[in-house]
Amino acid sequence: MFVGYRYFDSFGKNVSYPFGYGLSYTSFKYSNPAITKEGDGFSVSIDVKNVGKTEGKEVVELYVSAPDNKKLDKPVKELKAFAKTKSLKPGEQQRLTMHVRTADLASFDAGKSEWRVDAGTYQFLFGASSRDIRATLQTKVQQMAIPVHDVLKPKVKLSLLTR
């Protein structure tokens, strides 16, 4: 669970280049974030505007932060979706929409052999990288559990990294 940016961000470790970091010849502004409950998940949208002087593209990363993530021993945030704009001229804007299923918010509970979504208020974070969050939304999510077979359950106690 705590690998790469999920480890570095959750444990407050400094990095030279955060996950998703990239350089551009222009700058982008994020605005008007929105979230809608849709079927078995959520539709999230944001406007991206080229506020620089050069034409360019932007990749928007969507991270989700679970409620009480430290208490639940989950990463501080996890990448759940991303979208790329078309090539935007200076002053041009595009609305990006991403979809996240409720099941995509689940973590595996080895003790119960189930994928589990804990109830509570989740944060949806729009970023240019894991450390450059530009907009945040919140929504309530209902608890969900998906039991699975425990055939791969460890027979010995494992030493796992926790927060």
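A residue counts as buried when its relative accessible area is under 20%, as exposed when it is over 50%, and as partly exposed in between. With that scale in hand, this report looks at charged side chains in what is a predicted model, where a search of the whole structure finds eight salt bridges. Side chains of opposite charge can pair when their charged atoms come close.

Three of these pairs are described here, with the closest N and O atoms giving the distance.

| Salt bridge | N to O distance |
|---|---|
| Lys 77 and Asp 9 | 3.2 Å |
| Asp 9 and Arg 131 | 2.5 Å |
| Asp 47 and Arg 95 | 2.9 Å |

Asp 9 forms a salt bridge with Lys 77, and this pair links distant parts of the chain, since Asp 9 lies in helix 1 (residues 5-10) while Lys 77 sits 68 residues away in the loop between strand 3 (59-65) and strand 4 (78-84). Asp 9 also meets Arg 131 in a salt bridge, and here the partner is 122 residues away, in the loop between strand 8 (120-129) and strand 9 (132-141). Asp 9, Lys 77 and Arg 131 are thus linked in a network of salt bridges. Both Asp 9 and Lys 77 are buried, Asp 9 because its relative accessibility is 13%, whereas Arg 131, at 36%, is partly exposed.

The salt bridge between Asp 47 and Arg 95 joins strand 2 (residues 41-50) to strand 5 (residues 93-101), with the two residues 48 apart. Asp 47 is buried, with a relative accessible area of 7%, whereas Arg 95 counts as partly exposed because its relative accessibility is 37%, a value in between 20% and 50%.

Methods. Residues are numbered from 1 along each chain as its sequence is written. This is a predicted model: local features need pLDDT of at least 70, side-chain atom pairs count only at pLDDT 80 or more; totals for chains, interfaces and linings use all residues. Side-chain values use heavy atoms; hydrogens and water are left out. A salt bridge is a side-chain nitrogen of Lys or Arg within 4 Å of a carboxyl oxygen of Asp or Glu. Helices (H or I, at least four residues) and strands (E, at least two) are DSSP runs, numbered from the N terminus. Buried means under 20% relative accessible area, exposed over 50%, partly exposed in between (1.4 Å probe, protein chains only).
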